[in-house]
Amino acid sequence: LISGLEPVQPTMPEPRWIDVAAPAVQIRALTWGPADGPIALCLHGFPDTAYGFRKLAPALVAAGYRVIAPFMRGYVPSSVPSDGSYHIGALMDDALQVRAACDPTDRDVVIGHDWGALAATGLAAMPQSPFAKAVIMSVPPSAALRPDGPVRDRGKLLRLLPAQLVLRSWYISYFQLPLLPERSTSWILPLLWRRWSPGYNAAEDLRHVDAAIGSPERWRAALGPYRATIRNTRPPARYAELHKWWTERPQLRTLYLHGNDDGCMTAKFTPWVRDALPAGSDVRVVENAGHFLQLEQPETVGRLIVDFL
């Protein structure tokens with residue numbers, strides 16, 4: 001366990017904006033740091049925004065990285081995708097489009113949290129990945145937790161699954177229902193933040209989330225990845241090749257971080273992650289942090305990431 005420290009954040013200038021025209025979506029991203037440094041591409045998840053990396057950015061900038069944090073497709077100020085795809089392959093493609101438009105280097109890294117973690121897993125698993133290293137937070141690579149795969153202590157893993165599915169991941173099944181989830185924005189978002197990161201004051205983050213997905217059209221977009229993944233719909237041809245990699249083992253050296261108090265996904269799954277990562281990788285559980293560990297313990301998380309990179 002890595003003990004949390006009281007966050008002491010250096011003064012950071014306001015982020016700048018980057019606009020990227022991808023084939024099916026207009027992506028806007030926040031950026032901090034030098035214009036000529038290697039890219040730290042930070043991919044957010046649900047229910048969060050690119051502002052969720054604002055406390056982590058100072059540590060990355062101090063290490064010489066140009067932090068670029070795009071808003072996921074469908075989240076204001078990015079557009080709703082014209083192809084209607086919210087598959088993980090589409091999220092991977094958006095990440096690659098942003099990197100390609102921002103003067104990439106051979107030292108660029110990808111950092112993903114929640115849905116961004118699944119996209120980062122795919123980008124770390126794909127052959128000839130353009131990234132040098134990956135950081136994955138809060139959602140383990142699925143290859144680590146497949147009980148039908150070559151996992152150790154399979155019985156122990158299977159015993160953890162019922163509580164995870166029923167008590168923690170209930171919202172995923174709820175999001176598959178017709179009509180009802182679309183009417184749930186006002187209560188489910190603060191509920192998930194309270195349960196996923198107990199004790200964290202999410203007021204500022206919830207304001208950003210409301211601005212990003214508070215309208216009916218944008219809320220449906222936010223539900224899109226849950227529905228595309230659980231229903232296992234076929235992605236558009238453009239994303240099909242990328243999409244197949246998110247369930248595979250990362251090939252890049254990867255740092256996996258999980259909050260000890262995560263109410264979304266238990267940290268008890270973390271021991272299986274190491275077996276799914278290549279040599280030179282690392283796995284850490286961060287104490288006094290829940291699901292949004294980069295916001296709750298930014299100094300600790302920043303130090304771990306910078307040391308690994």
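**Exercise 1. Work out how the protein's radius of gyration compares with that of a compact globule.**

Solution. Start with the chain in this predicted model, which has 309 residues. For that length, a compact globule would have a radius of gyration near 19 Å. The protein comes out at 18 Å, so the two agree. Next, look at the box: along the principal axes, the C-alpha atoms fill roughly 50 × 40 × 40 Å. Finally, check the burial, where 58% of the 309 residues count as buried. Packed into all this are eleven helices and eight strands.

**Exercise 2. Find out how strand β5 sits among its neighbours.**

Solution. Step one is to locate β5, which covers residues 109–113. Step two is to go through its residues: Val109, Ile111 and His113 point one way, while Val110 and Gly112 point the other way. Both sets are buried. With five of five residues buried, β5 is largely enclosed by the rest of the structure.

Step three is to look for the strands that pair with β5. Strand β3 (residues 39–43) does so in the parallel sense, over four bridges. One pair to look up there is Leu43 with its bridge partner Gly112 in β5. Strand β6 (residues 133–137) also runs parallel to β5, joined by five bridges. Here you can look up Ile111, whose bridge partner in β6 is Val135.

Step four is to follow the chain from β5 to β6. The path goes through helix α3 (residues 115–125), and this β-α-β crossover is right-handed.

**Exercise 3. Take three salt bridges and say which parts of the chain each one links.**

Solution. First, the principle: side chains of opposite charge can pair when their charged atoms come close. The structure holds eleven salt bridges, so let's try three of them.

- Arg54 and Glu204 meet at 3.4 Å, N to O. Arg54 is in the loop between β3 and α1, Glu204 is in helix α7 (residues 203–213), and 150 residues separate the pair. At 16% relative accessibility, Arg54 is buried, whereas Glu204, at 36%, is partly exposed.
- Arg73 and Asp94 meet at 2.6 Å, N to O. Arg73 lies in the loop between β4 and α2 and Asp94 in helix α2, so this bridge ties together parts that are 21 residues apart in sequence. Arg73 is buried at 1%, and Asp94 is buried at 6%.
- Glu182 and Arg227 have their closest N and O atoms 2.8 Å apart. Glu182 is in the loop between α5 and α6, Arg227 is in helix α8, and they are 45 residues apart. Glu182 is partly exposed at 26%, while Arg227 is buried at 14%.

One more step: salt bridges with shared partners join Arg54, Glu204 and Asp205 into one network.

**Exercise 4. Decide whether Tyr226 and Leu167 are buried or exposed, then see what surrounds each answer.**

Solution. Take Tyr226, found in helix α8 (residues 216–230). Its relative accessibility is 4%; the limit for buried is under 20%, so Tyr226 counts as buried. Its C-alpha atom is 9.9 Å from that of Ile88, which is 138 residues away along the chain.

Now Leu167, in helix α4 (residues 154–168). At 63% relative accessible area, Leu167 is exposed, the cut-off being over 50%. Together with Leu165 and Val166, Leu167 forms a nonpolar patch on the surface, with about 340 Å² of accessible area in total.

Technical notes:
Residues numbered from 1 in each chain as written. Predicted model: local features only at pLDDT ≥ 70, side-chain atom pairs only at ≥ 80, totals over all residues. Heavy atoms only, no water. Patch = residues over 30% accessible without salt bridge, like charges linked within 9 Å, V, L, I, M, F, W, Y side chains within 5 Å. Areas by Shrake-Rupley, 256 points an atom, 1.4 Å probe, with all protein chains shown as cover. Salt bridge = Lys/Arg side-chain N within 4 Å of Asp/Glu carboxyl O. Helix = DSSP H or I, 4+ residues; strand = E, 2+ residues; numbered from the N terminus. Buried < 20%, exposed > 50% of the residue type's maximum accessible area, 1.4 Å probe, protein only. Pairing = 2+ DSSP bridges. Right-handed = clockwise from strand over helix to strand, strands pointing away. Rg over C-alpha atoms; globule rule 2.2 N^0.38 Å.
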